[in-house]
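Below are some notes for a colleague who is about to look through this model. Please read them alongside the sequence and the coordinates.

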Amino acid sequence: MAIELYLLGATLILALVQILLTAHIRTRQYGLKWNAGARDETMPPLNPLPARLQRAQDNLFETLPLFVGALLGAAYAGRLGLLTNIGAHLYFFGRLVYLPLYAAGIPYVRSLVWTVATGGLVLVIAGLMLG
């Protein structure tokens, strides 16, 4: 199996970890009753850590469908190669590093890492289109 598909699986695991981590930290603030309920009531704003984790998760989910589509498209079309390999590595490891940087509230470096991950996404799309 191509390394890009392993990185796709690892990225999906990272997305699941972000979902669970964000939910856990948010539940610590709002409580189990809130988590188990319908969540109809208006809650106070999230504290900084759960709010950052939620924004990091939202940020991942903005690009994840593009990454999945481009990578699966490239695999289906037989266009996995140097561009998709480098791109998938940059995307996964960029997203992996981005999460703790965002959670810690570290500016600038976080944005640089986001740029690296997004550059990886562009490379995967280029690999699909240019093969």
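**Notes on helix H1 and Ser 111**

1. At 1.5 Å a residue, the 28 residues of H1 should span 40 Å (the expected span being 1.5 Å times one less than the number of residues), and the end C-alpha atoms of H1 are indeed 40 Å apart, which agrees. Helices here are DSSP runs (H or I, at least four residues), numbered from the N terminus.

2. This is a predicted model, in which local features need pLDDT of at least 70 and side-chain atom pairs count only at pLDDT 80 or more, while totals for chains, interfaces and linings use all residues. Residues are numbered from 1 along each chain as its sequence is written, and side-chain values use heavy atoms, with hydrogens and water left out.

3. Helix H1 (residues 3-30) packs with helix H3 (residues 48-76) at an angle of about 160°, their axes, which are lines fitted to C-alpha atoms over the stretch in contact, lying 10 Å apart. That makes H1 roughly antiparallel to H3 (angles over 145 degrees count as such).

4. Among the buried residues of H1 (under 20% relative accessible area, 1.4 Å probe, protein chains only) are Leu 7, Leu 14, Arg 26 and Tyr 30. What covers the buried residues of H1 includes helix H2 (32-36), H3 and helix H4 (82-103). Just after H1, Gly 31 takes a positive phi of about 100°.

5. Ser 111 lies in helix H5 (residues 109-130) and is partly exposed, with a relative accessible area of 35% (partly exposed runs between 20% and 50%). Ser 111 and Asn 59 are 52 residues apart in sequence and 12 Å apart in space, C-alpha to C-alpha.

Notes: Axes are lines fitted to C-alpha atoms, for helices over the stretch in contact, and angles run from 0 to 180 degrees between N-to-C directions. Helices (H or I, at least four residues) and strands (E, at least two) are DSSP runs, numbered from the N terminus. Angles under 35 degrees count as roughly parallel, over 145 as roughly antiparallel, 65 to 115 as roughly perpendicular and the rest as oblique. Contact means heavy atoms within 4.5 Å.
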